[in-house]
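Dear colleague,

Please find below the structure that I am handing over to you. My findings follow directly after it.

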Amino acid sequence: SGDNFELGIADNSTIINPQEPTIEGEIVFTPYFEKIRQYENITFSVGIVGSDIVPTSSNITTDSNAVEIKKISNVEYNITGLEQSQAPVVLNVEVQVGGEIINGQILIDAVSMMG
């Protein structure tokens with residue numbers, strides 16, 4: 001709506017950048033990321049917002065062929081972007097914290113290496 005078509009200037013002041021989850025009890029990745037580029041590797045850990053307790057175990061699965069996930073330790077992973085995906089990649093996450101199991105889904109975008 002703020003584009004200036006006469007001068008060919010796009011108004012990107014209305015872009016809202018997604019924020020790291022802040023609701024207590026939500027599953028969060030550290031470092032936080034919302035997309036992965038093709039051929040990119042990201043090493044991250046799984047935690048719970050508002051909890052100082054380190055999870056004792058976790059598991060991440062996906063049905064997408066756009067990424068590959070490798071478990072490094074109980075709560076650390078490496079994700080590799082294999083290909084671009086039109087649909088968001090759904091990561092099914094299970095985290096055990098203090099005897100309680102928390103399940104959730106995290107959506108990320110798998111974009112081209114230029115994305």
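I begin with the sheet. Four strands form an open sheet in the order β1-β3-β6-β5, and their pairing is antiparallel. Its edges are β1, residues 27–30, and β5, residues 67–71, each of which has a pairing partner on one side only. From one strand to the next, the twist averages 35°. Please note that this is a predicted model.

The edge strand β5 deserves a closer look. Its neighbour is β6, which covers residues 76–81; the two strands run antiparallel and are joined by 5 bridges. Within this pair, Ile 69 stands opposite Ile 79 of β6. As general background, strands of a sheet pair through backbone hydrogen bonds, in either a parallel or an antiparallel manner.

Turning to the chain as a whole, the secondary structure comprises 8 strands and 0 helices. Read from the N terminus, the succession of elements is therefore β-β-β-β-β-β-β-β, given that helices and strands are taken as DSSP runs numbered from that end.

As to burial and surface, the protein chain has 115 residues, of which 27% count as buried. The chain exposes about 7600 Å², and 48% of this area is supplied by carbon and sulfur atoms.

Finally, I considered how contacts are distributed along the sequence. Of the contacts between residues at least 6 apart in sequence, 50% join residues that are at least 24 apart.

With kind regards

Methods. Residues numbered from 1 in each chain as written. Predicted model: local features only at pLDDT ≥ 70, side-chain atom pairs only at ≥ 80, totals over all residues. Heavy atoms only, no water. Buried < 20%, exposed > 50% of the residue type's maximum accessible area, 1.4 Å probe, protein only. Contact = heavy atoms within 4.5 Å. Areas by Shrake-Rupley, 256 points an atom, 1.4 Å probe, with all protein chains shown as cover. Pairing = 2+ DSSP bridges. Axes fitted to C-alpha atoms, helices over the stretch in contact; angles between N-to-C directions.
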